[in-house]
Amino acid sequence: MNSRSHQRLVVLHVLVLSLLVILVGRLWNLQVMDGKHYRQVAAENRTRDIVVPAVRGQILDDMGRPLVRNRTALVVSVDRTTLSRQKDGGKTVLTRLAKVLGITYDQLNQRVRLCGPVTKRPCWPGSPYQPIPVDNKIEPKKALQIVERQEDFPGVSATVQAVRDYPRPDGASAAQALGYLQPITQEELDQRKGLKVTGFSGVDLIGRDGLEARYDTDLRGGPGIRKVNVDSKGRVTGIASEQAPRPGGNLVTNLDAKVQGAVEDAVMKAVKNVRHDGGKADSAAGVVMDVRTGQVVALASYPSYDLNIWTGGVSQTEYDGLLGKGQGEPLISRATQGMFAPGSTFKISSLAAAVGDGYSLNGTYDCPGSYDVGSRAFHNFEGQAHGSMNLHTAIVVSCDTIFYKFAYEEWQRDGAVHPVKSPKDPMVKMARAYGFGRRTGIDLPSESAGRIPDRGWKQSYWDATKKSDCKHAKTGYPGEPPDREGYLKAIARENCAEGYMWRAGDAANFAVGQGDVLVTPLQLARAYAAVANGGTLVTPRLARAVVRPDGTVVRRIDPPAGPKLPVNPEVLTYLRKALAGVPTEGTAKGAFAGFDFKKVAIAGKTGTAEVYGKKDTAWFASFAPADSPRLVTVVMISQAGTGGQYAAPAVRQIWEAIFGLRGQPAALPYGKLPDALPSFRPDGTVAAP
């Protein structure tokens, strides 16, 4: 062997030895250093995790009656991922499935397509990677065809699952308060990292509105995990381990189904009465609340809708109806989100402000048919004059001109259109102290704050609308009727020039709950509760407790303590006595004719708010018993007429149902709410407290 060959052989030996050393080192690293990691990866390759959904908790009323519960249903779902792997994109499978379900291919294809910015419903708003439910009312015989012929239906499943059910006990819907469920989106999954999904089940659905959204975490529970062993072809060979799901908690509310049903019925009948008399009545709301605790006993909104519409998917027509103005936008809760001028019901705030500003609580005041505010005459309702009276009578007969006088004189003392450095604005400050102009804090999403206008608001509004107003001041409003166009053009001209000013008319309108003042029915109920309970501004609460299915109380949901009104107790006592006279001798006397005041005395106030171009908004705010208040009831009807003619009769119907004054059993005997929670039996049924 020559030297060159020997040298090559040495190099080859070194190379081989080097490779062997590297191989041994790599094997040692894999088996020793990273052995634990790779053993885990290998194990995971042999197992699959299956998420076992938890049953979502029920929503119950104060007596344990289910407002929202679960029912079992056979659900047919389609996996888009599996279908996409078919040669024809799954068209053959969908055609075959459509025939079993008794619908057309196009109808089924619409249900499994993904929702987009311009996609019309039906479509799938959830994740494209989870099974899409296409039918939750399938007959067992048809479901069996799918299960037994999986080779013909790859990517299609038929399983028994729990779906939401809305039994409407005693006619109680409470649709806007309860809310609804919708498939969870990818954005929500990204935000809630610990959330597991498993297709069409309670794990994938999330509360979109109402109590379902506010207490979603409590109601959801926790999913279970089942690890199954699989072979190389992915077939299940056994169960490796299993963690049972944790059922969601039941939400016990302060709502009472009997009272809720009575309020919904009264509000609906009031709307029908308005329409029967030729009015338009486009929306309405009713609230019943405990004046001492803020517990919301009933929360009704009209128009409403059937919550079952969400179960199993909603069609485009149905979805458009929920959002569109054609059917009155029933998704909106007029009780918590609707904002309306309160009219004379607002005088409980204005009276307290006037007395706090120095006007005598026991003084005598003139109530003419009109009162000049600057260069403009402001009138009583129908221009009626009542002569001299005290403030008690001013509330009973609802004299506006006395309050115009208070507001105008206060406005002048504050410097009129050239305000002093620190204007007192007593009416505005008192309205805010009553809770108007801010959210009440009720445990529902999307509550409106209402609007309490002041000098700052006027400036901001003028800044935002000046350009448009100045344009219309020149061009007018082509297409409008001549009389309406002239009025609108004059308003635009005035606003263009000095819309930033807090004028005398603004102050006068404010005093009687008109002009730019807007409140929600719940805000008004809260304000009247404060008058009734001696001056505490309670925080409204719908939920009362979260309770496990076995009856264990997870947590109680007590309303937080509220602030005190800056009003002398003597003034509140005076107001309560004045309000007690409204149903017996005042503006609600006709509505309460024949009412059994010996059994239950009612205190309240009518409100008739003018809305330009529309019918008046009718209000009646009340509490009872008048001498020892427990509950407050408020009804509002938009585009109706006077509060005494339309809202007060609806409130009377509610009080009669609550106290059982027409021969029927009392919905709430003595107006008393149950102190204890419902009890849960071992079989899962609920017993009233």
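This report describes the overall make-up of a predicted protein model and then one of its sheets.

**Overall make-up**

The protein comprises 689 residues, of which 50% count as buried. Its secondary structure consists of 22 helices and 23 strands. The accessible surface of the protein amounts to about 32,400 Å², and 52% of this area is supplied by carbon and sulfur atoms. As for contacts between residues at least 6 apart in sequence, 70% of them join residues that are at least 24 apart.

**A five-stranded sheet**

Five strands assemble into an open sheet, arranged in the order S12-S11-S21-S20-S19, with antiparallel pairing. The edges are formed by strand S12 and strand S19, each of which pairs on one side only. On average, neighbouring strands of this sheet are turned by 5 degrees against each other, with direction ignored.

The residue ranges of the strands are listed below.

| Strand | Residues |
|---|---|
| S12 | residues 296-302 |
| S11 | residues 283-290 |
| S21 | residues 631-638 |
| S20 | residues 617-624 |
| S19 | residues 603-609 |

Within the sheet, S11 and S21 are joined in the antiparallel sense over eight bridges. Which residue in S21 stands opposite Met-289? That position is taken by Val-632.

**A helix across the sheet**

Helix H21, covering residues 569-585, lies across two strands of the sheet, S19 and S20. The helix runs at about 70 degrees to S19, which is also an edge strand.

Definitions and conventions: Residues numbered from 1 in each chain as written. Predicted model: local features only at pLDDT ≥ 70, side-chain atom pairs only at ≥ 80, totals over all residues. Heavy atoms only, no water. Helix = DSSP H or I, 4+ residues; strand = E, 2+ residues; numbered from the N terminus. Buried < 20%, exposed > 50% of the residue type's maximum accessible area, 1.4 Å probe, protein only. Contact = heavy atoms within 4.5 Å. Areas by Shrake-Rupley, 256 points an atom, 1.4 Å probe, with all protein chains shown as cover. Pairing = 2+ DSSP bridges. Axes fitted to C-alpha atoms, helices over the stretch in contact; angles between N-to-C directions.
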